[in-house]
Amino acid sequence: MLLAAAFVFTYYTAWAILLPFCEPSSPIHDYFPAREWAVRLPAFILVVGLSVIGSFIGSTIIKEKKKKAQKARLRIA
């Protein structure tokens with residue numbers, strides 16, 4: 001897992017930071033997608049990640065409210 005993270009970090013760093021300093025005709029550009037994806041891909045991952053976290057928190061809050069309401073009903077009855 002650590003090796004995969006290190007590889008992704010190295011690849012992304014080379015793509016987003018080092019690649020703009022290479023000549024456009026350099027063959028190294030063939031190993032990377034267009035630079036606009038260096039911004040789009042992390043932004044998409046961020047949006048999806050925040051959506052998943054928000055959905056999890058929302059569902060947890062709803063479940064807790066249902067549990068509290070059920071306990072309140074049992075106390076009254």
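Let's start with one side chain: Tyr11 counts as partly exposed, at 31% relative accessibility. The model you are looking at is predicted, and Tyr11 is a handy place to begin a tour of it.

**Overall form**

The protein has two helices and zero strands. Its radius of gyration is 23 Å, well over the 11 Å that the globule rule gives for 77 residues, so the protein is more spread out than a compact globule. Along the principal axes, the C-alpha atoms fill a box of roughly 80 × 25 × 15 Å. Of the 77 residues, 5% count as buried. About 7,000 Å² of surface is exposed, and carbon and sulfur atoms supply 73% of that area.

**Rings that meet**

Back to Tyr11. Which residues are linked with Tyr11 into a cluster by ring pairs? The cluster is made of Phe7, Tyr11, Tyr12, Trp15 and Phe32. The count for the model comes to four aromatic pairs. In one of them, the rings of Tyr11 and Phe32 have their centres 4.9 Å apart, with 35 degrees between their planes. Planes under 30 degrees apart would count as stacked and those over 60 as edge-to-face, so this pair is tilted. Tyr11 lies in helix H1 (residues 2-18), while Phe32 lies in the loop between H1 and helix H2 (37-76), so the pair ties together parts that are 21 residues apart in sequence.

Tyr12 and Trp15 form another aromatic pair, and this one is edge-to-face: the centres are 5.9 Å apart and the planes meet at 85 degrees. Both residues belong to helix H1, where they sit three residues apart, about one turn of the helix.

How well covered are the members of these two pairs? The cut-off for buried is under 20% relative accessible area. Here are the values side by side:

| Residue | Relative accessible area | Class |
|---|---|---|
| Tyr11 | 31% | partly exposed |
| Phe32 | 15% | buried |
| Tyr12 | 32% | partly exposed |
| Trp15 | 4% | buried |

So the tilted pair joins partly exposed Tyr11 to buried Phe32, because 15% falls under the 20% cut-off. In the edge-to-face pair, Tyr12 is partly exposed and Trp15 is buried.

**A residue in the loop**

Phe32 shares its loop with another residue to look for: Leu19 also lies between H1 and H2. Is Leu19 buried or exposed? Leu19 is buried, with a relative accessible area of 2%. The C-alpha atoms of Leu19 and Phe9 are separated by 14 Å, and these two residues are ten apart along the chain.

**Charges and a nonpolar patch**

Side chains of opposite charge can pair when their charged atoms come close. The model has one salt bridge by count. Glu36 forms it with Arg40, and their closest N and O atoms are 3.9 Å apart. Glu36 is partly exposed at 46%, and Arg40 is likewise partly exposed at 46%.

Arg40 has another contact to find in the structure: it lies over the face of Trp37, at 5.1 Å from the ring centre. Trp37 then leads us to the surface, as one of the residues in a nonpolar patch of about 590 Å². The patch is made by Trp37, Leu41, Phe44, Ile45, Val48 and Val52. Val52 is found in helix H2. With a relative accessibility of 54%, Val52 counts as exposed, because the cut-off for that class is over 50%.

Definitions and conventions:
Residues numbered from 1 in each chain as written. Predicted model: local features only at pLDDT ≥ 70, side-chain atom pairs only at ≥ 80, totals over all residues. Heavy atoms only, no water. Phe/Tyr/Trp six-rings, centres within 6.5 Å; stacked < 30°, edge-to-face > 60°. Helix = DSSP H or I, 4+ residues; strand = E, 2+ residues; numbered from the N terminus. Buried < 20%, exposed > 50% of the residue type's maximum accessible area, 1.4 Å probe, protein only. Lys NZ or Arg CZ within 6 Å of the ring centre and 35° of its normal. Patch = residues over 30% accessible without salt bridge, like charges linked within 9 Å, V, L, I, M, F, W, Y side chains within 5 Å. Areas by Shrake-Rupley, 256 points an atom, 1.4 Å probe, with all protein chains shown as cover. Salt bridge = Lys/Arg side-chain N within 4 Å of Asp/Glu carboxyl O. Rg over C-alpha atoms; globule rule 2.2 N^0.38 Å.
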